[in-house]
Amino acid sequence: MDSRTRLSYRKTVTIGLERIPKDGAVIFAPNHSNALMDALNVLRIRKEATVFGARADLFKRKPIAAIMTFLRILPMVRERDGIRNVLGNVETMNTISEALGDGTPFCVFCEGTHRTMHSLLPLKKGIFRTAWTTLDQNPGKKVYIVPVGLEYGDYFRYRSTCLMEFGEPMDFGEFVDNHDNMPQGEIYLALAKELKDRMSKLITYIPDNEDYEAKWAFVKMICAGEKGSLETRRKENRKIAEIIEDYLADESREHEMRALLTDVLGFDKKRQDMRISSHSFSGLGIKGLLKLPFVVSLLPFWLICALFTMPVWATSWIVCSKTEDTAFHNSLRAGFRIVLSPLTFLIWVIIGAAVLPFAGWKSMLILISFAVAYSGMLNFFHDFKEFARRTISDVRLLFNGRKLKEEREKLIKRFLAI
């Protein structure tokens, strides 16, 4: 599962593994921004088993329920599902507590649902109830909640990037002891505030309010195309996002910052209407002319890869086109790749063995060479599409985006002058 999940990304980076405690029960608390890919990414970094929790309504669809059960994901009923249904959590909680007591980590997406935003929803109490139950049923055992940040290069484009960071663990028992003078309800609120604060430091965090879209558009406008590691890029994103929040909180700068954000939204709409990527501005479009010959020369090979991998990407495309929640699209692409790639490869091997005009070692050598090449064909199919898309975007910016470039430069100058 590890290697197959990695194939869904051009680059994956994991930091902070050394922060995971080894002397107690561990509960992972990641942000939930990319549907099933979040669980697959947490799963891929650990060789040991990990139990997951997900909202119970997802289990109503049998195919999804089967996949989740295979991945050791347990249904977590929320208050909105009805008090009677919430009682069903008791059995789930006992199962989780038993697993934690035996040393198996538990991962729960405590926002309660996924959302493709660089923000965090209010955290649900379920994670803290689980920790409390585990603490009660395993006397003397430490219970830790480890915040996890999942940062994606793009939520919707397949073969993007994934940065995952494990934060400093929260000793749940110690936290409760330090707040034992408070009512239980207030302890829950204090826990939620502390955990959300720790989680927000592990991602590009932008508060979810009426300015969210404009703020994220401005962060992309300034930081898209930045070079360096995934961690460096996240750091730059956070830096700009924090400056924006500081300006909005400053009475002397708030009005000007809000006016700027309004104009940024207008700029971003023009950019999208012209189908120009934010990444194109880093080279001001000139690099598109340099990349264009490579696009043309590699196109025949891309068509060959498209033919051999068609059952995988075509099936994914058809199913995704009928799935309204676009946040699930990359999860579906990854799932179909895991299931269909081996089958497609086997079919082509059988066809090749039947039609090759010679047998023996020559035929075997060709099939082995095909096996080695096939493992990268689907990667090349998706990577070339993205490469070609950005190249065409660069060319559009070069020949049709002069006014857009000038408008962007003016917006950045206004920001620096605030």
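This short talk walks through one helix and several salt bridges in the structure above.

Please keep in mind that this is a predicted model, in which local features need pLDDT of at least 70, side-chain atom pairs count only at pLDDT 80 or more, and totals for chains, interfaces and linings use all residues. Residues are numbered from 1 along each chain as its sequence is written, and side-chain values use heavy atoms, with hydrogens and water left out.

Let me begin with helix α6, residues 126-137, where helices are DSSP runs of H or I with at least four residues, numbered from the N terminus. Its end C-alpha atoms are 16 Å apart, which agrees with the 16 Å expected for 12 residues, the expected span being 1.5 Å times one less than the number of residues. Among the buried residues of α6 are Phe 128 and Trp 132, where buried means under 20% relative accessible area, exposed over 50%, and partly exposed in between, with a 1.4 Å probe and protein chains only.

Now to the salt bridges, each a side-chain nitrogen of Lys or Arg within 4 Å of a carboxyl oxygen of Asp or Glu; the whole structure holds 20 of them. In one, Lys 215 meets Glu 245 at 2.7 Å, N to O. Because Lys 215 lies in helix α9 and Glu 245 in helix α10, this pair ties together parts that are 30 residues apart in sequence. Lys 215 is buried, at 1% relative accessible area, whereas Glu 245 is partly exposed, at 24%.

Another salt bridge joins Lys 291 and Asp 394 at 3.0 Å, N to O, and it links helix α12 to helix α15, so parts 103 residues apart in sequence are tied together. Both Lys 291 and Asp 394 are buried.

Notes
Helices (H or I, at least four residues) and strands (E, at least two) are DSSP runs, numbered from the N terminus.
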